[in-house]
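Here is a short tour of a protein model, written for someone who is new to reading structures. Keep the 3D view open and follow along.

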Amino acid sequence: MAADAHSLWASLAWGDSGYGDEFVKGIGTTLFISFSGYAIGASIGMLGAWAKLCHIKALNRTAEVYTTVVRSLPELLLIFLIFYAGTRALVSLLVMLGVAGQGFDINPFAAVITALGLIYGAYLTDVLRGGIQAVPKGQIEAAKAFGMHGSKRFVRIIFPQMIRYAIPGLGNQWLNITKDSAYVSVVAAVGEIMSVGRGAANTTHHPIFYFGATAGVFMALSGASMFLFSRLEKRANRGVRRV
Amino acid sequence: MKFDPYYMITVVMPQLIAAVPLTLFLTFASSIIGNLLAVPVAVARLSPSPLLSLPARAFIFTMRGTPLLIQLYFVYYGLGQVFPRWVMQDMPFLRDGLWYALFAFSINTAGYTGEILRGAIMAVPHGEIEAGRAFGMNRRQVFFRITLPRAVRICLPAMSTETVLLLKATSIASLVTVYEVMGTATTIRVDTYRVYDTLIGAGIVYFVIVYGMTRTLNWLERRLNKDRMPVSANPPRLASDQGIV
């Protein structure tokens with residue numbers, strides 16, 4: 001083993017002879033998948049938080065069912081469900097409606113991003129709902145007393161404070177989605193870090209080295225994300241007095 | 001292939017339900033081992049000596065900063081590289097993916113719970129520790145009789161959340177040939193090409209176990225913390241709360 005340690009490190013070289021460039025591209029792909037999924041999830045989360053807090057019973061219940069179901073199913077199963085069953089159902093629906101032709105297929109990239117977005121929509125719903133609920137009631141009453149309408153109240157009073165309260169939760173979910181992007185490698189090798197590491201480990205028969213390298217890349221990513229979110233948290237709390 | 005509820009209930013579900021004990025075994029076994037390992041991890045993390053706290057910190061960061069899937073693959077595929085083939089073939093434990101999954105889940109839990117426990121140990125009221133010292137307990141006695149029981153109680157809600165997350169995470173054991181609920185569903189799916197029946201069936205099974213477990217853990221938490229619950233389930237609201245919302 002010691003003899004080929006040098007060639008192992010050399011195999012992380014850039015270009016055709018090594019996996020270095022694949023790993024770096026993999027980081028980009030992982031970030032792209034995670035970020036897109038997170039953006040979809042955050043949009044669903046805002047809608048979901050609103051649905052949970054509004055005064056329409058049917059919407060409350062729908063949002064509750066969505067978050068309960070998604071949060072109690074394993075992420076891997078949800079990715080399977082959306083990637084295999086979901087896309088298939090969608091394709092047959094589109095073909096039936098005549099929108100798409102017989103050979104129509106859904107881009108695996110789009111499918112995995114949608115899957116992550118739908119999963120994280122549920123988690124972010126609860127994070128954002130918690131943030132909204134943490135905004136002191138008196139401030140909302142004050143905004144009403146000033147004659148602010150619903151949307152103005154939201155943009156000026158609720159949203160800025162909600163973000164501040166939600167940042168720790170948002171950061172945790174971001175860390176989770178980057179790690180859960182590894183599950184994507186099970187359904188489709190779209191070139192994110194985990195697929196690269198797995199491919200390299202299988203081809204070269206050096207699982208310890210390549211899974212170790214993959215783990216190292218993920219740790220760097222997590223470390224950077226943690227740093228970023230702690231900075232964001234500090235910045236968001238800059239006007240708040242420490243008690 | 002169309003979704004066929006009859007096939008799902010009569011053919012798929014019985015096989016999935018038969019796999020539930022394995023999923024529960026994986027969950028509870030690795031939860032128990034992992035939570036026990038979390039105690040030394042948390043203690044080392046809080047140690048004033050960097051010789052102990054730095055490795056603990058690195059361990060916790062590795063477990064929390066990398067996907068569980070990599071940890072599992074690292075253990076499962078990595079061990080075969082360390083040991084020669086004849087060792088791998090003759091050892092019954094080393095041939096079965098279950099033990100690798102158990103190991104990976106246990107150390108992962110040790111990392112996550114270790115960090116939770118660290119926070120809980122720090123949250124133990126100082127007066128209680130001082131009271132223990134005043135009673136003439138030595139450091140070991142104070143830790144095992146006062147700090148640890150109190151810390152476990154403090155972090156119980158977080159630990160039960162972890163257990164539910166672990167139950168869901170055991171589904172990835174299916175990727176190293178363990179036939180728990182997810183593995184069984186995948187096997188049937190691959191054999192029969194029935195995508196909807198198997199995946200929806202597995203979803204129902206997981207939903208029921210997770211829901212049942214959440215309820216049980218909540219009940220347990222309430223029971224264990226009975227002495228510190230508010231007297232009334234609905235504390236009287238202040239008049240000022242009942243105005244305009």
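What percentage of the 245 residues in chain B is made up of buried residues? Buried residues make up 36% of them. Keep in mind that this is a predicted model, with scores of ipTM 0.87 and pTM 0.87.

**The two chains**

Let's put the chains side by side.

| Chain | Residues | Buried | Helices | Strands | Contacts joining residues at least 24 apart (among those at least 6 apart in sequence) |
|---|---|---|---|---|---|
| A | 243 residues | 37% | ten helices | zero strands | 72% |
| B | 245 residues | 36% | twelve helices | zero strands | 76% |

If you walk along chain A from the N terminus, every element you meet is an α. Chain B reads the same way, α after α from its N terminus. As for overall dimensions, the C-alpha trace of chain A spans about 75 × 55 × 30 Å along its principal axes.

**Where the chains meet**

Now look at the place where A and B touch: 30 residues of chain A are in contact with 27 residues of chain B. On the chain A side, the elements giving two or more residues are α3 (57-72), α4 (75-97), α9 (193-204) and α10. The top contributor there is α10(A), with ten residues. Sorted by class, this side of chain A has 20 nonpolar, six polar and four charged residues.

**One helix up close**

Pick out helix α3 of chain B, residues 50-65. This helix has 16 residues and reaches 21 Å from its first C-alpha to its last, close to the expected 22 Å. Which of its residues are buried? They are Ala56(B), Ile60(B), Met63(B) and Gly65(B). Here's a handy bit of background: an α-helix has 3.6 residues a turn, so residues three or four places apart point the same way. The buried residues of α3(B) pack against α2 (20-46) and α7 (97-123) of chain B, and also against α10 (207-236) of chain A.

**The nonpolar cores**

The largest nonpolar core has 88 residues, and Ala115(A) and Leu72(B) touch the most other members. Helix α5 of chain A (residues 108-134) supplies the largest share of this core, 14 residues. What does Leu72(B) touch, leaving out residues up to four places away in sequence? The list is Tyr100(B), Ala101(B), Ala104(B), Ile172(B) and Val176(B). There is also a second, separate core of 17 residues, which includes Ala42(B), Ala44(B), Ile60(B) and Ala110(B). You have already met Ile60(B), as one of the buried residues of α3(B).

**Two odd backbone angles**

Most residues other than glycine have a negative phi. His205(A) isn't a glycine, yet has a positive phi of about 60°. You'll find His205(A) in the loop between α9 and α10 of chain A. Is His205(A) buried or exposed? His205(A) counts as exposed because just 11 other C-beta atoms lie within 10 Å, and the cut-off for exposed is 12 or fewer.

Tyr193(B) tells a similar story, with a positive phi near 60°. Tyr193(B) is in the loop between α11 (181-192) and α12 (195-224) of chain B. Tyr193(B) is exposed too, with 9 other C-beta atoms within 10 Å.

**How far to trust it**

Chain B averages a pLDDT of 87, and 88% of the residues score at least 70. Over residues 235-245 of chain B, though, the pLDDT is below 50. Beyond near neighbours in sequence, that stretch has three contacts in the model. Where pLDDT is low, the predicted coordinates should not be read in detail.

Technical notes:
Residues numbered from 1 in each chain as written. Chains lettered and ligands numbered in written order. Predicted model: local features only at pLDDT ≥ 70, side-chain atom pairs only at ≥ 80, totals over all residues. Helix = DSSP H or I, 4+ residues; strand = E, 2+ residues; numbered from the N terminus. Expected span 1.5 Å × (residues − 1). Buried ≥ 20, exposed ≤ 12 C-beta atoms within 10 Å, placed from the backbone. Contact = placed C-beta atoms within 7 Å. Nonpolar A, V, L, I, M, F, W, Y, C, P; charged D, E, K, R; others polar. Core = buried A, V, L, I, M, F, W, Y, C linked by C-beta atoms within 7 Å. pLDDT = per-residue confidence, 0-100.
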